[in-house]
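Open your viewer and get the selection box ready. We will go from stop to stop, and at each one you will hear what to pick and what is there.

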Amino acid sequence: MEKRTLGRTGRDVGVVGLGAWQLGADWGDVEESDAIAVLETALESGVTFIDTADAYGDGRSERIIGRLLKEHPDAGVTVATKMGRRVEQVPENYSRENFRAWTDRSRRNLGVDTLDLVQLHCPPTPVYEQDDVFDALDGLVEDGRIAAYGVSVETVAEALRAIERPNVATVQIIVNCFRQKPLGQVLPAARKAGVGIIARVPLASGLLSGKYDEHTTFGEDDHRNYNRTGGAFDVGETFAGVPFEVGLQAVAELKGLLRPDEAMAGFAIRWIVDQPGVSVVIPGARNPEQARSNAAAATAPPLTDEQLAGVREVYDRLVRPHVHDRW
Ligand SMILES: NC(=O)c1ccc[n+]([C@@H]2O[C@H](COP(=O)([O-])OP(=O)(O)OC[C@H]3O[C@@H](n4cnc5c(N)ncnc54)[C@H](OP(=O)(O)O)[C@@H]3O)[C@@H](O)[C@H]2O)c1
(Lines give C-alpha, C1' and ligand atoms only; values in the text may rest on other atoms or scores of the structure.)
Protein backbone atom coordinates (compact mmCIF):
# COMPACT_ATOMS: atom_id res chain seq x y z
CA MET A 1 0.00 0.00 0.00
CA GLU A 2 1.21 3.53 -0.77
CA LYS A 3 2.63 5.21 2.32
CA ARG A 4 2.47 8.90 3.13
CA THR A 5 4.16 10.90 5.86
CA LEU A 6 1.65 11.72 8.58
CA GLY A 7 2.42 15.39 9.00
CA ARG A 8 4.65 16.44 11.85
CA THR A 9 4.57 12.98 13.42
CA GLY A 10 7.23 12.14 10.81
CA ARG A 11 5.77 8.62 10.57
CA ASP A 12 4.92 6.95 7.29
CA VAL A 13 1.50 5.28 7.24
CA GLY A 14 -0.53 3.41 4.62
CA VAL A 15 -2.88 5.85 2.89
CA VAL A 16 -5.97 3.83 3.85
CA GLY A 17 -6.19 3.25 7.58
CA LEU A 18 -8.98 1.95 9.79
CA GLY A 19 -11.47 3.85 11.96
CA ALA A 20 -12.20 1.92 15.14
CA TRP A 21 -15.29 3.68 16.50
CA GLN A 22 -17.43 0.64 15.63
CA LEU A 23 -15.15 -1.57 17.65
CA GLY A 24 -16.31 0.17 20.80
CA ALA A 25 -19.79 -1.21 20.03
CA ASP A 26 -21.38 2.11 21.04
CA TRP A 27 -23.64 1.77 18.05
CA GLY A 28 -24.61 -1.68 16.93
CA ASP A 29 -23.14 -4.88 18.32
CA VAL A 30 -19.63 -5.97 17.41
CA GLU A 31 -18.48 -9.09 19.23
CA GLU A 32 -14.91 -8.96 20.50
CA SER A 33 -13.91 -11.83 18.20
CA ASP A 34 -15.36 -9.94 15.23
CA ALA A 35 -13.54 -6.78 16.26
CA ILE A 36 -10.25 -8.68 16.36
CA ALA A 37 -11.05 -10.21 12.98
CA VAL A 38 -11.59 -6.73 11.51
CA LEU A 39 -8.24 -5.55 12.90
CA GLU A 40 -6.36 -8.67 11.74
CA THR A 41 -7.84 -8.37 8.25
CA ALA A 42 -6.94 -4.69 8.07
CA LEU A 43 -3.34 -5.52 8.96
CA GLU A 44 -3.20 -8.32 6.39
CA SER A 45 -4.52 -5.85 3.81
CA GLY A 46 -1.66 -3.42 4.41
CA VAL A 47 -3.30 -1.04 6.90
CA THR A 48 -0.76 0.52 9.28
CA PHE A 49 -2.84 3.32 10.84
CA ILE A 50 -5.72 2.88 13.27
CA ASP A 51 -7.84 5.69 14.71
CA THR A 52 -9.60 5.22 18.04
CA ALA A 53 -10.63 7.25 21.11
CA ASP A 54 -10.80 6.80 24.86
CA ALA A 55 -14.56 7.32 24.59
CA TYR A 56 -15.25 4.55 22.05
CA GLY A 57 -17.00 1.92 24.13
CA ASP A 58 -15.54 3.81 27.11
CA GLY A 59 -12.14 2.28 26.35
CA ARG A 60 -13.22 -1.00 24.76
CA SER A 61 -11.96 0.00 21.30
CA GLU A 62 -8.56 0.95 22.76
CA ARG A 63 -8.33 -2.25 24.78
CA ILE A 64 -9.08 -4.45 21.76
CA ILE A 65 -6.45 -2.58 19.74
CA GLY A 66 -4.08 -3.11 22.68
CA ARG A 67 -4.60 -6.85 22.26
CA LEU A 68 -3.72 -6.56 18.58
CA LEU A 69 -0.54 -4.61 19.35
CA LYS A 70 0.50 -7.26 21.85
CA GLU A 71 -0.01 -10.03 19.33
CA HIS A 72 1.73 -8.10 16.52
CA PRO A 73 4.52 -6.14 18.22
CA ASP A 74 6.49 -5.77 14.98
CA ALA A 75 3.66 -4.86 12.63
CA GLY A 76 4.66 -1.20 12.54
CA VAL A 77 1.16 0.03 13.32
CA THR A 78 0.58 3.66 14.29
CA VAL A 79 -2.36 4.13 16.66
CA ALA A 80 -4.00 7.50 17.04
CA THR A 81 -6.32 7.92 19.98
CA LYS A 82 -8.37 10.89 21.20
CA MET A 83 -9.22 12.40 24.53
CA GLY A 84 -11.70 14.82 26.04
CA ARG A 85 -15.12 13.35 25.37
CA ARG A 86 -15.63 11.42 28.61
CA VAL A 87 -16.34 14.59 30.58
CA GLU A 88 -18.61 17.60 30.31
CA GLN A 89 -17.71 19.68 27.27
CA VAL A 90 -16.43 22.85 28.95
CA PRO A 91 -13.01 24.44 28.27
CA GLU A 92 -11.99 24.13 31.95
CA ASN A 93 -11.84 20.36 31.57
CA TYR A 94 -9.00 20.70 29.05
CA SER A 95 -6.42 20.93 31.84
CA ARG A 96 -2.91 19.57 32.39
CA GLU A 97 -4.15 17.33 35.23
CA ASN A 98 -6.91 15.82 33.12
CA PHE A 99 -4.55 15.35 30.17
CA ARG A 100 -2.22 13.35 32.43
CA ALA A 101 -5.03 11.19 33.79
CA TRP A 102 -6.59 10.63 30.37
CA THR A 103 -3.31 9.72 28.65
CA ASP A 104 -2.40 7.39 31.53
CA ARG A 105 -5.69 5.55 31.00
CA SER A 106 -5.14 5.30 27.23
CA ARG A 107 -1.56 4.07 27.77
CA ARG A 108 -2.93 1.31 30.01
CA ASN A 109 -5.73 0.45 27.59
CA LEU A 110 -3.36 0.25 24.62
CA GLY A 111 -0.54 -1.35 26.62
CA VAL A 112 2.10 1.19 25.54
CA ASP A 113 4.45 3.56 27.38
CA THR A 114 4.21 6.29 24.77
CA LEU A 115 1.07 6.98 22.77
CA ASP A 116 1.88 7.47 19.06
CA LEU A 117 -0.61 10.29 18.56
CA VAL A 118 -3.29 11.83 20.79
CA GLN A 119 -5.96 14.10 19.35
CA LEU A 120 -8.21 16.51 21.19
CA HIS A 121 -11.63 15.03 20.42
CA CYS A 122 -13.60 17.90 18.84
CA PRO A 123 -13.03 20.26 21.78
CA PRO A 124 -15.21 23.31 22.47
CA THR A 125 -14.23 26.12 20.07
CA PRO A 126 -12.73 28.43 22.77
CA VAL A 127 -10.11 25.72 23.52
CA TYR A 128 -8.40 26.52 20.20
CA GLU A 129 -7.49 29.96 21.56
CA GLN A 130 -6.07 28.73 24.89
CA ASP A 131 -2.27 28.77 24.82
CA ASP A 132 -2.16 26.88 28.14
CA VAL A 133 -3.89 23.89 26.51
CA PHE A 134 -1.23 23.62 23.83
CA ASP A 135 1.56 24.22 26.39
CA ALA A 136 0.16 21.30 28.39
CA LEU A 137 0.15 19.12 25.27
CA ASP A 138 3.78 20.10 24.62
CA GLY A 139 4.44 18.98 28.20
CA LEU A 140 2.99 15.54 27.50
CA VAL A 141 5.44 15.17 24.62
CA GLU A 142 8.36 16.34 26.78
CA ASP A 143 7.35 13.79 29.45
CA GLY A 144 7.37 11.00 26.86
CA ARG A 145 3.71 10.14 27.50
CA ILE A 146 2.85 10.89 23.90
CA ALA A 147 4.99 11.12 20.78
CA ALA A 148 2.80 13.72 19.08
CA TYR A 149 -0.57 15.43 19.29
CA GLY A 150 -3.26 16.62 16.91
CA VAL A 151 -6.82 17.91 16.89
CA SER A 152 -9.99 16.33 15.57
CA VAL A 153 -12.13 19.23 14.40
CA GLU A 154 -15.71 19.87 13.33
CA THR A 155 -15.30 22.93 11.08
CA VAL A 156 -13.00 24.40 8.47
CA ALA A 157 -12.43 27.43 10.73
CA GLU A 158 -11.29 25.17 13.59
CA ALA A 159 -9.00 23.25 11.25
CA LEU A 160 -7.32 26.43 10.06
CA ARG A 161 -6.84 27.61 13.64
CA ALA A 162 -5.34 24.25 14.67
CA ILE A 163 -2.95 24.29 11.71
CA GLU A 164 -1.60 27.64 12.94
CA ARG A 165 -0.45 26.06 16.22
CA PRO A 166 3.25 25.24 15.73
CA ASN A 167 3.32 21.77 17.25
CA VAL A 168 0.00 20.37 16.05
CA ALA A 169 1.09 17.30 14.08
CA THR A 170 -2.25 16.34 12.52
CA VAL A 171 -5.78 17.57 11.94
CA GLN A 172 -8.63 15.12 11.64
CA ILE A 173 -11.61 16.41 9.64
CA ILE A 174 -14.53 15.08 7.61
CA VAL A 175 -13.52 15.04 3.94
CA ASN A 176 -15.54 13.01 1.48
CA CYS A 177 -17.61 13.35 -1.73
CA PHE A 178 -20.27 15.03 0.44
CA ARG A 179 -17.84 17.28 2.35
CA GLN A 180 -15.73 19.15 -0.14
CA LYS A 181 -15.19 22.47 1.64
CA PRO A 182 -11.84 21.39 3.20
CA LEU A 183 -10.43 21.12 -0.34
CA GLY A 184 -10.55 24.92 -0.61
CA GLN A 185 -8.37 26.14 2.26
CA VAL A 186 -7.70 23.38 4.76
CA LEU A 187 -5.81 20.90 2.59
CA PRO A 188 -3.54 23.56 1.01
CA ALA A 189 -2.84 25.14 4.44
CA ALA A 190 -2.03 21.76 5.96
CA ARG A 191 0.32 20.90 3.11
CA LYS A 192 2.11 24.23 3.44
CA ALA A 193 2.51 23.84 7.21
CA GLY A 194 3.45 20.14 7.04
CA VAL A 195 0.42 19.15 9.12
CA GLY A 196 -1.05 15.69 8.44
CA ILE A 197 -4.69 15.38 7.40
CA ILE A 198 -6.67 12.41 8.70
CA ALA A 199 -9.86 12.19 6.60
CA ARG A 200 -12.67 10.76 8.70
CA VAL A 201 -16.22 9.55 7.93
CA PRO A 202 -15.11 8.85 4.33
CA LEU A 203 -18.28 6.93 3.49
CA ALA A 204 -20.63 9.46 5.11
CA SER A 205 -21.50 6.82 7.74
CA GLY A 206 -22.09 4.24 5.01
CA LEU A 207 -24.28 6.35 2.69
CA LEU A 208 -21.45 6.50 0.15
CA SER A 209 -21.28 2.70 0.05
CA GLY A 210 -24.44 2.92 -2.04
CA LYS A 211 -26.10 0.02 -0.22
CA TYR A 212 -28.93 1.86 1.53
CA ASP A 213 -32.31 2.79 0.10
CA GLU A 214 -35.47 4.48 1.34
CA HIS A 215 -36.47 1.26 3.16
CA THR A 216 -33.21 0.96 5.14
CA THR A 217 -33.61 1.21 8.90
CA PHE A 218 -30.98 1.39 11.64
CA GLY A 219 -31.09 0.00 15.17
CA GLU A 220 -32.29 2.07 18.09
CA ASP A 221 -28.75 2.22 19.49
CA ASP A 222 -27.29 3.32 16.11
CA HIS A 223 -26.42 7.03 15.74
CA ARG A 224 -27.72 6.82 12.17
CA ASN A 225 -31.08 6.51 13.88
CA TYR A 226 -30.86 8.51 17.10
CA ASN A 227 -28.52 11.31 15.93
CA ARG A 228 -30.15 12.11 12.60
CA THR A 229 -31.08 15.55 13.79
CA GLY A 230 -28.11 15.97 16.11
CA GLY A 231 -29.84 14.92 19.34
CA ALA A 232 -26.70 13.38 20.88
CA PHE A 233 -23.70 15.07 19.21
CA ASP A 234 -22.83 17.24 16.21
CA VAL A 235 -25.21 16.18 13.44
CA GLY A 236 -22.33 16.50 10.97
CA GLU A 237 -20.92 13.20 12.29
CA THR A 238 -24.00 11.32 11.07
CA PHE A 239 -24.22 10.94 7.27
CA ALA A 240 -21.74 13.86 7.17
CA GLY A 241 -24.70 16.11 7.99
CA VAL A 242 -26.51 15.35 4.72
CA PRO A 243 -30.24 14.60 5.07
CA PHE A 244 -30.64 10.86 4.41
CA GLU A 245 -33.02 11.21 1.44
CA VAL A 246 -30.79 13.85 -0.20
CA GLY A 247 -27.82 11.53 0.30
CA LEU A 248 -29.66 8.63 -1.37
CA GLN A 249 -30.42 10.75 -4.41
CA ALA A 250 -26.84 12.03 -4.64
CA VAL A 251 -25.40 8.51 -4.33
CA ALA A 252 -27.76 7.25 -7.03
CA GLU A 253 -26.29 9.88 -9.34
CA LEU A 254 -22.70 9.11 -8.30
CA LYS A 255 -23.30 5.47 -9.19
CA GLY A 256 -23.78 6.62 -12.77
CA LEU A 257 -20.10 7.66 -12.78
CA LEU A 258 -18.74 4.19 -11.86
CA ARG A 259 -16.73 2.09 -14.29
CA PRO A 260 -18.20 -1.40 -14.80
CA ASP A 261 -15.81 -3.04 -12.30
CA GLU A 262 -15.97 -0.27 -9.68
CA ALA A 263 -17.80 -0.44 -6.34
CA MET A 264 -19.28 2.71 -4.85
CA ALA A 265 -17.43 2.46 -1.50
CA GLY A 266 -14.05 1.99 -3.19
CA PHE A 267 -14.76 4.88 -5.56
CA ALA A 268 -15.65 7.16 -2.62
CA ILE A 269 -12.48 6.26 -0.71
CA ARG A 270 -10.28 6.60 -3.81
CA TRP A 271 -11.72 10.08 -4.40
CA ILE A 272 -10.36 11.12 -0.99
CA VAL A 273 -6.98 9.40 -1.48
CA ASP A 274 -6.51 11.48 -4.65
CA GLN A 275 -7.01 14.85 -2.92
CA PRO A 276 -3.60 16.55 -2.49
CA GLY A 277 -2.89 17.11 1.19
CA VAL A 278 -4.71 14.05 2.54
CA SER A 279 -2.35 11.84 4.55
CA VAL A 280 -4.63 8.97 5.52
CA VAL A 281 -8.30 8.01 5.11
CA ILE A 282 -9.96 6.12 7.97
CA PRO A 283 -13.08 4.19 6.91
CA GLY A 284 -14.89 2.36 9.65
CA ALA A 285 -15.46 -1.35 9.07
CA ARG A 286 -18.00 -3.54 10.79
CA ASN A 287 -16.67 -6.84 9.38
CA PRO A 288 -13.51 -8.22 7.75
CA GLU A 289 -14.93 -7.98 4.24
CA GLN A 290 -15.49 -4.24 4.60
CA ALA A 291 -11.97 -3.80 6.00
CA ARG A 292 -10.48 -5.75 3.08
CA SER A 293 -12.34 -3.94 0.32
CA ASN A 294 -11.73 -0.52 1.85
CA ALA A 295 -7.98 -1.15 2.00
CA ALA A 296 -8.06 -2.21 -1.66
CA ALA A 297 -9.07 1.33 -2.63
CA ALA A 298 -5.44 2.31 -1.96
CA THR A 299 -4.33 0.35 -5.03
CA ALA A 300 -7.31 1.13 -7.26
CA PRO A 301 -6.76 3.37 -10.29
CA PRO A 302 -7.26 7.11 -9.70
CA LEU A 303 -10.56 8.63 -10.76
CA THR A 304 -10.72 10.04 -14.29
CA ASP A 305 -11.16 13.79 -14.89
CA GLU A 306 -14.70 13.08 -16.00
CA GLN A 307 -15.47 11.24 -12.75
CA LEU A 308 -13.91 14.02 -10.66
CA ALA A 309 -16.00 16.62 -12.48
CA GLY A 310 -19.09 14.48 -11.96
CA VAL A 311 -18.52 14.25 -8.20
CA ARG A 312 -18.08 18.00 -8.06
CA GLU A 313 -21.27 18.63 -10.03
CA VAL A 314 -23.39 16.33 -7.83
CA TYR A 315 -21.94 17.97 -4.71
CA ASP A 316 -22.59 21.52 -5.94
CA ARG A 317 -26.15 20.81 -7.05
CA LEU A 318 -27.49 18.50 -4.34
CA VAL A 319 -25.25 18.43 -1.28
CA ARG A 320 -23.58 21.79 -0.96
CA PRO A 321 -26.70 23.70 0.20
CA HIS A 322 -26.95 21.37 3.22
CA VAL A 323 -23.34 21.39 4.44
CA HIS A 324 -21.06 23.98 2.89
CA ASP A 325 -21.82 26.96 5.10
CA ARG A 326 -22.25 24.87 8.23
CA TRP A 327 -18.96 23.06 8.66
N1 LIG B 1 -15.28 13.29 16.21
C2 LIG B 1 -14.43 12.44 15.69
O3 LIG B 1 -13.25 12.59 15.87
C4 LIG B 1 -14.95 11.29 14.88
C5 LIG B 1 -16.31 11.21 14.57
C6 LIG B 1 -16.75 10.17 13.75
C7 LIG B 1 -15.84 9.25 13.27
N8 LIG B 1 -14.52 9.34 13.60
C9 LIG B 1 -13.53 8.36 13.10
O10 LIG B 1 -13.77 8.10 11.72
C11 LIG B 1 -13.94 6.69 11.53
C12 LIG B 1 -14.87 6.42 10.37
O13 LIG B 1 -16.13 7.03 10.59
P14 LIG B 1 -17.51 6.23 10.57
O15 LIG B 1 -17.29 4.82 10.82
O16 LIG B 1 -18.42 6.99 11.44
O17 LIG B 1 -18.03 6.46 9.09
P18 LIG B 1 -17.64 5.83 7.66
O19 LIG B 1 -16.28 5.29 7.68
O20 LIG B 1 -17.98 6.89 6.70
O21 LIG B 1 -18.75 4.68 7.50
C22 LIG B 1 -18.64 3.45 8.12
C23 LIG B 1 -19.83 2.58 7.72
O24 LIG B 1 -19.82 2.40 6.31
C25 LIG B 1 -20.23 1.08 6.00
N26 LIG B 1 -19.12 0.45 5.25
C27 LIG B 1 -17.80 0.50 5.55
N28 LIG B 1 -17.08 -0.13 4.60
C29 LIG B 1 -17.97 -0.61 3.71
C30 LIG B 1 -17.84 -1.36 2.50
N31 LIG B 1 -16.65 -1.72 2.03
N32 LIG B 1 -18.96 -1.69 1.83
C33 LIG B 1 -20.18 -1.32 2.30
N34 LIG B 1 -20.37 -0.62 3.42
C35 LIG B 1 -19.27 -0.25 4.12
C36 LIG B 1 -20.56 0.37 7.28
O37 LIG B 1 -21.95 0.52 7.47
P38 LIG B 1 -22.87 -0.63 8.11
O39 LIG B 1 -22.60 -0.50 9.57
O40 LIG B 1 -24.27 -0.22 7.72
O41 LIG B 1 -22.42 -1.93 7.53
C42 LIG B 1 -19.79 1.18 8.29
O43 LIG B 1 -20.38 1.14 9.56
C44 LIG B 1 -14.45 6.21 12.90
O45 LIG B 1 -14.26 4.83 13.08
C46 LIG B 1 -13.62 7.03 13.83
O47 LIG B 1 -12.32 6.46 13.93
C48 LIG B 1 -14.06 10.34 14.39
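## Stop 1: a residue past a helix

Start by selecting Arg-326, which is found in the segment after α11 (305-323). Keep in mind as you look around that this is a predicted model.

Is Arg-326 buried or exposed? Its relative accessibility is 52%, so Arg-326 counts as exposed, the cut-off for that class being over 50%. Now add Thr-155 and Val-235 to the selection: leaving aside neighbours within four places in sequence, these are the residues in contact with Arg-326. For a distance check, pick the C-alpha atoms of Arg-326 and Trp-271; they are separated by 22 Å, with the two positions 55 residues apart along the chain.

## Stop 2: the enclosed cavity

Next, select Val-156, Ile-173, Ile-174, Arg-179, Lys-181, Pro-182, Tyr-315, Val-323, His-324 and Trp-327, which line the largest cavity. The elements that give two or more residues to this lining are β8 (168-174) and α11. Its volume is about 50 Å³, and the count of cavities of 30 Å³ or more comes to 1. Colour the lining by class and you get 7 nonpolar, 1 polar and 2 charged residues.

Rolling a probe the size of a water molecule over the atoms is what shows where empty space is left.

## Stop 3: helix α8

Select residues 244-255, which make up helix α8. This helix has 12 residues and reaches 16 Å from its first C-alpha to its last, close to the 16 Å expected at 1.5 Å a residue.

Which residues of α8 are buried? They are Phe-244, Val-246, Gly-247, Leu-248, Ala-250, Val-251 and Leu-254. Show α9 (264-273) and α11 as well, since what covers these buried residues includes both helices.

## Stop 4: the sheet and its edges

Switch to a cartoon view for the open sheet, where 8 strands run in the order β3-β4-β5-β6-β7-β8-β9-β10 with parallel pairing. The edges belong to β3 (18-19) and β10 (280-281); each has a single partner strand, so one side of each is left without a neighbour in the sheet.

Begin at the β3 edge and step inward. β3 pairs with strand β4 (residues 49-51) in the parallel sense over 2 bridges, and Gly-19 stands opposite Asp-51 in β4. The pairing of β4 with β5 is parallel too, over 3 bridges. Here Asp-51 has Ala-80 as its bridge partner in β5.

Stay on strand β5 (residues 78-83): 6 of its 6 residues are buried, so this strand is largely enclosed by the rest of the structure. In a regular strand the side chains alternate between the two faces of the sheet. For β5, Thr-78, Ala-80 and Lys-82 are buried on one side, and Val-79, Thr-81 and Met-83 are buried on the other.

## Stop 5: the loop before β4

Select Thr-48, in the loop between α1 (32-44) and β4. With a relative accessible area of 10%, Thr-48 is buried. Not counting residues up to four places away in sequence, Thr-48 touches Lys-3, Val-13, Gly-14, Gly-76, Val-77 and Thr-78.

## Stop 6: a pocket to finish

Last, look at the second largest pocket, with a volume of about 160 Å³. It has 14 lining residues, and the closest to its centre are Leu-69, Val-77, Val-79, Val-112 and Asp-116. By class, the lining has 9 nonpolar, 4 polar and 1 charged residues.

Technical notes: Residues are numbered from 1 along each chain as its sequence is written. This is a predicted model: local features need pLDDT of at least 70, side-chain atom pairs count only at pLDDT 80 or more; totals for chains, interfaces and linings use all residues. Side-chain values use heavy atoms; hydrogens and water are left out. Helices (H or I, at least four residues) and strands (E, at least two) are DSSP runs, numbered from the N terminus. Buried means under 20% relative accessible area, exposed over 50%, partly exposed in between (1.4 Å probe, protein chains only). Contact means heavy atoms within 4.5 Å. The expected span of a helix is 1.5 Å times one less than its number of residues. Two strands pair if DSSP finds at least two bridges between them. On a 1 Å grid over the protein atoms alone, a cavity is a set of points where a 1.4 Å probe fits but cannot get out, and a pocket is an open set with protein on both sides within 12 Å along at least five of seven lines; lining residues have an atom within 4 Å of a point. Grid points are joined across faces, edges and corners, and a volume is the space filled by probe spheres set on the points. Ala, Val, Leu, Ile, Met, Phe, Trp, Tyr, Cys and Pro count as nonpolar, Asp, Glu, Lys and Arg as charged, and the others, Gly among them, as polar.
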